[in-house]
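Trainee: I've got this one open on my screen. Can we walk through it together?

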Protein chains: 2
Amino acid sequence: MIGTIKDLKIGKGQTVMGWIEKVRDQKSIQFIIIRDRSGKLQITVEKEKLPKIAEIFSSISTDSVISVVGEVVKNDFVKLGGIELIPEKVEIVSRAEVSPIDAESSIDQRLDYRWIDLRDPKKRLIFEAQTYLAKGMRDYCISNGYIEIHNPTIMSNESEGGAGVFEVKYFDKKAFLIQSPQFYKQMAIAAGFEKVFMTTPVYRAEKSFTKHHATEFTGFDIEIANVTGVEDVMKAEEELIHAGLKEVHDRLGERIKAELGVEIVIPTLPFPRITMIEAYKILNEECNYPVEEGDDFDREAEKHLCDYMKKKTGHQFFFVKEYPMAVRAFYSMKKPTGIYSETFDLYYKDVEITSGAQREHRPEQLTENIKKKGVDPKTLQSTYIDFFRYGCPPHGGLGIGLDRLTMYMLDLPSLKETMYVFRGPDRTSP
Amino acid sequence: MIGTIKDLKIGKGQTVMGWIEKVRDQKSIQFIIIRDRSGKLQITVEKEKLPKIAEIFSSISTDSVISVVGEVVKNDFVKLGGIELIPEKVEIVSRAEVSPIDAESSIDQRLDYRWIDLRDPKKRLIFEAQTYLAKGMRDYCISNGYIEIHNPTIMSNESEGGAGVFEVKYFDKKAFLIQSPQFYKQMAIAAGFEKVFMTTPVYRAEKSFTKHHATEFTGFDIEIANVTGVEDVMKAEEELIHAGLKEVHDRLGERIKAELGVEIVIPTLPFPRITMIEAYKILNEECNYPVEEGDDFDREAEKHLCDYMKKKTGHQFFFVKEYPMAVRAFYSMKKPTGIYSETFDLYYKDVEITSGAQREHRPEQLTENIKKKGVDPKTLQSTYIDFFRYGCPPHGGLGIGLDRLTMYMLDLPSLKETMYVFRGPDRTSP
């Protein structure tokens, strides 16, 4: 394998491969800047001494990839690390055509050529950050006894009632793509796995075109057993996110600040939390935004709440817990009395980023919940309700959209810019 | 969250949750064994002293889940850690119906109730091992500068020619599920990411019913830039697998030996390697198994080769490299002269577990290769060939079936037993 620019040593016989960044072709001398992930390098060509090599560089296009053998020498006048390379042998290993996109291109034009768009080191940094975010979260899970599962993404029935599900032609039958790994992580609890995590694609067949919608994205999900209420699940989530952000901060915090102008804050534990009842009170009394008890929040209410909590706590995160059962999924655990449930949402900066809950593990109650949502329990019997008929401890969990968390962590404008390759209603390529 | 059995301390006021493993109901005393992931515990009930609790246990079913508060006392006569719990309060949190499967059930009956099947700690150990296998491989990647990408699994065209691809109803259009993340990892190389890894579902719409076929499984893939031949890719793979197996060995080697009777061997580096030409020679001259130069191997040839290499090297792994171009995918790099290519397969124990290659990064040559395979290059132009038109370094990579690697690592009989939830032509549930 050919070494990187950062691995070069002073002396002869050095080999390097890189992308042409710029060629400054002067009367008697050429300065060529090449780059790789590790940095940039100046190649200096005295035309009279190296006419054949000079000829190569005089006609080479930007973003072509070259392999060079030569001598690396010190030169204090060179900005790039005080070194330059005097080539002996140059080979064009990939000749670039003129790029079809540039800084003026629209996001959709750029997505058509995503591999060129991503050459900007600032954009690559998004994925370096996401790598450490996932690493921090996975390491937290593993060191706390979680088992990783790789759930299937094809299932025989429409998971949560049918709306927004992609259908797959499965030989001579129909199958569907999962909207979440919900059923499979709860199944692991019924299997006695106690704590599980997964990173999995999830799918939404929804014609939504907002900055935070995609038809396929990556879910980071966990599920834990033996919980005594939603508080246990919230504690797991705050520790998980703390671990992820700490890893990003410690590995890349300075680069992210320098290159993207964003400060990665390691959040203090515990995160602030309020109940839904407290949230109603805050909105009605502190924010002058009238809401009725039992209602879900609209976007405006969320914003008021975020502003209030940010001012009050100075924290980037807060939980709202105990939503009305009526606005949550059938698998949520209702509190023994009243209208509320063992559920929560987590807010980050000014937006809701995850939902979590204790689950209903009692099959009779679950069947009742399903009926109340207008779904026929028979459709979920063998693929879901049956999980709870042969013994299953109380449990709960949550799902984080990894792309959304990355987007808000780095203050990016849209999932189109955040996801490696975006998928939306109008986009299935490249 | 309620603590585990292993966390119990001698004294009063201890709380634990567990599954009923066995109830021995004697005349005046009951011995109840409960279990969780951390171990087993004896609960002892003197019937006369605790008539109400005795009543609960006299009718409780196996696999029901209970929550118990009581006093943990030392008792040297108790096999399970020399302690027992004298209950003060018992609550049945989940009452189990009689299990529909038992030790006599067929694999397909067991898969219908996979969550019960997986309660066997030996089966859970498979996923604990896989968790560390993936962790070891991911940590290797991250500490060597790889970026994790989360590729899409839905694409607009049929990736490698069309056979065996699942079709998705994508709003009013057709889309397809990926057969491998091949295109997306090569795209990362064209984007200058240099080294990437991913864990991703991959799909095969094939009616194959062998022990090592599934319609959906998990791929662990890597791709690296600036390679000078297939040797660089093989080196990456052997280091990757070494790291994964070392992690499994160090964390779980003893348990795996005790519970599954399998020795996890950390393979020495480098793995043995032979060229295809050497393999032909071995088969013809050493194994008395006639093969023609240019042919691919059938299963019988593979077996002969594995036997020979095992005897000769004593190593569990070996590479066969430089396959004839005619038997490899169009994206493989052909050697400059002759019929061979910069490709390899890796064998583990007695079976081929991964394929890898240097890729063809020159768009003209790639187009030629595609034509030779009888595919119209136009169908792959904007979603693949174009990646290489705007500058792209030489590169290569490989894909490992994580489930298959786990299966062979633990000497399991079939993917149905290895995968968390198996997917085959006749199985999309639970």
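Mentor: Sure, and keep in mind that this is a predicted model. In chain A, the C-alpha centres of domain 1 and domain 2 sit 48 Å apart.

Trainee: Which residues make up domain 1 and domain 2 of chain A?

Mentor: Domain 2 comes in two pieces, 114-272 + 315-418. Domain 1 is a single stretch, 5-94.

Trainee: Over in chain B, where does helix α6 bend?

Mentor: Start with its span: a straight helix of 31 residues would cover 45 Å, but α6 (residues 230-260) of chain B manages only 36 Å between its end C-alpha atoms. After the helix comes G261(B), with a positive phi near 70°. As for the bend itself, it's about 75°, and it falls at L252(B).

Trainee: Is H395(B) buried or exposed?

Mentor: H395(B) belongs to strand β16 of chain B. Its contacts beyond four places in sequence include I189(B), E223(B), V227(B) and F388(B). Its relative accessible area is 0%, and under 20% counts as buried, so H395(B) is buried.

Trainee: What does the side chain of H395(B) make a polar contact with?

Mentor: Look through the residues that H395(B) touches, among them Q186(B), Q358(B) and H361(B). The polar contact, at 2.9 Å, is with the side chain of Q186(B).

Trainee: And how much area is buried between chain A and chain B?

Mentor: On each side, 102 residues are in contact with the other chain. From chain A, M1(A), Y390(A) and Y420(A) supply 10% of the area it buries there, more than any other three residues. Carbon and sulfur atoms give 61% of the total buried area, which is about 8700 Å².

How values were computed. Residues are numbered from 1 along each chain as its sequence is written. Chains are lettered from A and ligands numbered from 1 in the order in which they are written. This is a predicted model: local features need pLDDT of at least 70, side-chain atom pairs count only at pLDDT 80 or more; totals for chains, interfaces and linings use all residues. Side-chain values use heavy atoms; hydrogens and water are left out. Domain bounds come from an automatic or database domain assignment. Helices (H or I, at least four residues) and strands (E, at least two) are DSSP runs, numbered from the N terminus. The expected span of a helix is 1.5 Å times one less than its number of residues. The bend at a residue is the angle between axes fitted to the seven residues ending there and the seven starting there. Buried means under 20% relative accessible area, exposed over 50%, partly exposed in between (1.4 Å probe, protein chains only). A polar contact is a pair of N or O atoms within 3.5 Å; within protein, one must be able to donate a hydrogen and the other to accept it, and residues adjacent in sequence count only if both atoms are side-chain atoms. Contact means heavy atoms within 4.5 Å. Buried area is the accessible area (1.4 Å probe) that two parts lose on being put together, summed over both.
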